[in-house]
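Here are my notes on the model, in the order I'd look at things. Could you go through them with the structure open?

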Amino acid sequence: MTIAPIVDRPIRIALVGCGRISRNHFAAIEQHSDVVELVAVCDTDAEVARKHSEMYGVTSFGDLKEMLEVTRPDVVSLCTPSGLHPHHTEVAAKLGVHVITEKPMATRWQEGLRMVRACDEANVRLFVVKQNRRNSTLQLLKRAVEEKRFGRIYMVNINVFWTRPQDYYDSAKWRGTWELDGGALMNQASHYVDLIDWLIGPVADIQAMTGTLSRNIEVEDTAVLNIRWRSGALGSMSVTMLTYPKNFEGSITIIGEKGTVRIGGVAVNDIQKWEFADQRDYDEQLQQANYETASVYGFGHPLFYDNVLQALRGRAEAETDGREGLKSLEVLIAAYRSARDGGTVSLPLEY
C-alpha cells in the first residue's frame, strides 16, 4: 500500500467522542501543535461538543460524517465507545481520512478484520492506540526480551487489580455492555492483553474463566486466563475491577532461563525485580525509568502521536497499525470463546 506523505503543511486532525479518554488525545495534540492543527470536534451530546468547541477554538459537530465532509481533516481520532469503532472507521475510510482508534479497536473479531480491510481498500492508514508500549519501564523490558537476555522464557504472570465502582458503569448506558464496551478484559485490561503477544510472542492456546461477581453489568468484572505460547512458555493473567478500595496493581513478571523481572506499581510503572546472568549498560537506567503515576493511562499518548505523525509524513513505519491491533483482539476473542464454551481455544482463530 503506497500512501502519499503529508509534507510542507500542518497535519489536520479531528476528534470524535469527547469523553474520558479524549483528554489524553487533546493533550497529545497540544504537545504537537507545531505540526498538527485540530480542526473540529464531534460528540452526540450537544453540550459536551459545545464545551470542547469553546475550549479548543474549533467547530463542533454532532455527526461524524458531516464533520469529515465539511472540515476535510487528514486524520480522525476515534475516542468513541469501542463497539462504534468499526462503523466510524468505515465512514472515515470511505471519505479518504486516516484513522486513529482507541483500544480495543473493536469488540468482535470479524469487525476488527472489517476495519483493516476498509482502510486497505480506501488506501488510508489505520492506527491503533497502544500507548503503554511507550512507557519507559516497558521499553527497557522489550529491549531485554529482544536481546534474548532471558534465554528461554519459562513463565509469565500478568495482574490487573483495579477498581471500577458501579457509578462508573452507570455514568453512560454503553458502559458494561457486550455490544459497545466489553468487560474487564476487553476494556480496562486491553493494554495488558497487548503485552501477551508484543513482549512474549505468538500465542498457541488459551483457557479462560470469567465472572460478574459484583457489578450490575452485562460483561465480566473479573477474569483469569491460562496461556501457552508457541515458544512453549506458560503463563497466566488475572484481572479484576473489584479491588478494595482503589486501583492496586498492574504488573508483569517474567521468569526465564537467565533472568527474572517484575514490573509492578499501579500501572507497570515500577521495576521491582531486574536480575540477569549478564550485565548491560542500560541496567543503570532502572531508577530513571521508574515513575510515579496516579493514572492507569500512563504517559504514552504524546509518544504514540509522534509515531503517527512521522508515519503520515512518510518518515517512519506505523508501530501499531490495524494488523498489529488485531493481535491483541485475537487473544481477547479467544479468551471470551474459551470462557463461554469451557474449553481450550487455539490460535490463530482462522487460517
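1. Helix α11 (residues 301-312) lies across β1, β2, β4, β5 (98-101) and β6, and runs at about 165° to β6. A quick word on conventions: helices (H or I, at least four residues) and strands (E, at least two) are DSSP runs, numbered from the N terminus. Axes are lines fitted to C-alpha atoms, for helices over the stretch in contact, and angles run from 0 to 180 degrees between N-to-C directions.

2. Before going further, some provenance. This is a predicted model, in which local features need pLDDT of at least 70 and side-chain atom pairs count only at pLDDT 80 or more, while totals for chains, interfaces and linings use all residues. Residues are numbered from 1 along each chain as its sequence is written, and side-chain values use heavy atoms, with hydrogens and water left out.

3. The sheet under α11 is open, with 6 strands in the order β3-β2-β1-β4-β5-β6 and parallel pairing. (Two strands pair if DSSP finds at least two bridges between them.) β3 (59-61) and β6 (126-128) are at the edges with a single partner strand each, so one side of each has no neighbour in the sheet. On average, neighbouring strands here are turned by 25° against each other, direction ignored.

4. Within that sheet, β1 (residues 11-16) and β4 (residues 75-78) pair in the parallel sense over 4 bridges; I13 has V75 in β4 as its bridge partner. Helix α2 (residues 46-56) packs on the sheet too, touching β2 (36-42) and β3, and its direction makes about 165° with that of β3. Contact, here and below, means heavy atoms within 4.5 Å.

5. Now the other sheet: which order do its 8 strands have? It is β13-β12-β11-β7-β10-β9-β8-β14, an open sheet with mixed pairing. β13 (270-276) and β14 (345-346) are the edge strands, each pairing on one side only.

6. Strand β7 has partners of both senses. With β11 (residues 249-256), β7 (residues 153-161) pairs in the antiparallel sense over 8 bridges, and V160 stands opposite G250. With β10, β7 runs parallel, joined by 7 bridges; there M155 stands opposite L234.

7. β10 is worth a look from its other side. It is joined to β9 by 7 bridges, antiparallel, with I227 opposite G235. The two form a hairpin with 4 residues between them, and G232 in the turn has a positive phi of about 100°. β10 is mostly covered, with 5 of its 7 residues buried (buried means under 20% relative accessible area, exposed over 50%, partly exposed in between, with a 1.4 Å probe and protein chains only).

8. Two helices lie on this second sheet. α6 (residues 136-146) lies across β11, β12 (259-264) and β13, at about 20° to β13, whereas α9 (residues 190-200) lies across β7, β8 (203-211), β9 (222-229), β10 (234-240) and β11, at about 160° to β7. The axes of α6 and α9 come within 10 Å and cross at roughly 35°. L138, Q139, L141, K142 and V145 of α6 make the contact with L195, W198 and L199 of α9.

9. On the cores: the largest nonpolar one has 88 residues, of which M67, V76, L141, M237 and I252 touch the most other members. (A nonpolar core is a set of buried Ala, Val, Leu, Ile, Met, Phe, Trp, Tyr and Cys residues joined through side-chain atoms within 4.5 Å.) Its largest share, 8 residues, comes from α12. Apart from it lies another core, of 25 residues, including I6, I11, V36 and V308. Beyond four places in sequence, the contacts of I252 include L141, L195 and L199.

10. Last, the α5/α12 pair. α5 (residues 109-122) and α12 (residues 322-341) pack at about 170° with their axes 9 Å apart, and are therefore roughly antiparallel (under 35 degrees counts as roughly parallel, over 145 as roughly antiparallel, 65 to 115 as roughly perpendicular and the rest as oblique). Residues in the contact include W109, L113 and V116 of α5 and L326, L329 and I333 of α12. M115, also in α5, is buried, with a relative accessible area of 0%; its contacts outside four places in sequence include H85, P86 and L126.
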